[in-house]
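Biologist: Could you take a close look at one residue in this model for me? Please start with how open it is to solvent, and then tell me what else along the chain is worth comparing.

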Amino acid sequence: MAAEGCNQNTRKLDRGARFNVFPSMETSKTSQPVIFNPDFFVERLRHEHPQAFTDLVLSHVTRLIDLPGEEFAQLTGDCDPRLPSSTGLLRSFNILKRKEKGVVFGAPLTEEGIAQIYQLIEYLRKNLHIEGLFRVPGHSLRQAALREILNAGAEIDLEMGDFHPNDAASLLKAYLGELPEPLLMHRHYHAHLKIGELTVFDGKGDKTNTPDKERQIEAFQLLFMLLPPANRSLLKLLLDLLYHTARNQQVNKMSAINLATMFAPQIIWPKNVMASDLQGNIEKLNNGIAFLIRHSQKLFKAPAYIKEYARVYFTGSKTLQSKDDLTLCSGTKETPAVLEPTSNLSPYTRKSDGNSLTKSIDTETYTESALRELYQQVNNMPESAKKKKLIRQFEKQPLMTPSSEPRSPFSSKHWRSRSLGGIIKRKVLGGQILTGKENGKAQSPAASCSGDTSSGGAVIQARKPPI
């Protein structure tokens with residue numbers, strides 16, 4: 001058998017020199033200066049302040065995609081994900097199948113398991129010319145022998161010719177399919193569907209059918225930052241392999257969409273379901289995985305604003321790195337010399353001793369600034385029924401009541417729990433939002449003493465109180 005022929009070519013892994021796919025902060029500090037790692041402060045924030053890191057990323061995820069309360073709770077892990085389910089017969093069959101677990105196959109994702117599977121990935125990278133790679137199945141007996149070797153924790157020289165690249169490709173798909181949870185995780189399932197729906201808006205503010213690739217890439221960058229380290233590491237290795245496979249599609253006949261069709265059931269489909277249970281989402285999922293393959297080289301980089309936030313978080317530096325960043329943060333055409341202490345860039349400020357961090361709430365968060373811009377854009381739209389409807393939605397919201405407790409910009413509660421209309425009325429128009437009925441009523445001294453004006457707005461004069 002093939003297993004007997006290759007026993008001489010295998011040996012136990014040296015645990016001291018085991019392949020390590022996880023980024024190590026200690027390694028980066030000793031082997032090379034940290035200045036060469038552009039994501040150094042991002043990784044440091046992830047390890048030293050995981051809750052602040054998670055809240056920061058989640059706040060930007062919800063800025064890009066609309067997640068209702070239940071779906072947001074699933075993304076944060078506050079509740080169990082609600083996924084398509086299958087019949088009891090299929091579920092019981094899969095439970096029986098998973099009883100036979102090995103060190104690698106069928107076991108939860110671990111560093112040791114990834115080190116074993118990396119042998120398959122490394123071998124496949126050298127054989128991207130094989131026609132029908134990942135589509136043509138390998139030999140069942142050779143796959144069984146290779147599975148046994150990998151499950152035993154042995155290192156094998158696949159270049160000896162005892163196994164075919166199709167054997168390794170089939171076994172890689174089998175490993176991903178036998179993970180207890182999909183590589184892209186159950187709780188991220190709805191977020192992937194929502195990201196696939198991001199499209200470009202036309203001049204009238206209406207959605208088009210053209211995908212907004214830039215926003216999709218940004219959303220995936222943020223979403224992948226929420227993955228556990230093991231999932232993120234293996235996903236990066238896998239997508240890089242599939243990316244180079246698709247680049248050789250003229251030889252191997254495997255395009256990005258073909259590869260996505262092969263791997264979507266293994267890495268994103270909920271467990272214990274059949275194709276009929278996904279209710280028309282199969283095409284969306286396949287297109288989503290194809291998008292990940294095509295843009296894999298951009299998806300594992302932190303967005304620039306996350307890098308800058310993490311840098312300021314640890315260095316406490318008030319000087320930004322470029323004039324463009326200063327202009328962006330100031331919101332004006334003139335560039336200030338330094339970043340103000342109450343900048344919207346970071347809700348965290350250092351105490352004078354420099355050893356502890358304290359949260360402070362800015363008088364105007366970047367979310368409220370975005371809401372003001374949104375209202376102004378709606379107000380500048382051409383007159384139409386859509387514009388009137390949006391204006392009514394802003395104005396019908398009740399005024400926001402001040403909370404007795406200060407709220408952190410990165411609270412674990414969902415952003416949309418705040419009153420949208422209250423923020424707009426309080427921050428954008430101040431005391432000048434008056435409906436037709438209110439214009440006809442006399443204003444009380446307390447309500448009409450602001451005297452604020454805005455461009456194009458009426459001046460509200462205060463009555464003098466009786467002496």
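**A loop residue and its company**

Modeller: Sure: Lys-253 is partly exposed, because its relative accessible area is 47% (buried means under 20%, exposed over 50% and partly exposed in between, with a 1.4 Å probe and protein chains only). Bear in mind that this is a predicted model, where local features need pLDDT of at least 70, side-chain atom pairs count only at pLDDT 80 or more, and totals for chains, interfaces and linings use all residues. Numbering runs from 1 along each chain as its sequence is written, and side-chain values use heavy atoms, leaving out hydrogens and water.

Lys-253 sits in the loop between α13 (249-252) and α14 (256-267); helices here are DSSP runs of H or I, at least four residues long, numbered from the N terminus. Its phi is positive, about 65°, although Lys-253 is not a glycine.

Met-185 also has a positive phi, near 75°, and is likewise a residue other than glycine. You'll find Met-185 in the loop between α9 (165-177) and α10 (189-196), but Met-185 counts as buried, because its relative accessibility is 10%.

For a glycine with a positive phi, go to Gly-153, just after α8, at about 80°. Helix α8 itself covers residues 140-151 and reaches 16 Å from first C-alpha to last, close to the expected 16 Å (1.5 Å times one less than the number of residues). Its buried residues include Gln-143, Leu-146 and Leu-150. An α-helix has 3.6 residues a turn, so residues three or four places apart point the same way.

Conventions
Helices (H or I, at least four residues) and strands (E, at least two) are DSSP runs, numbered from the N terminus.
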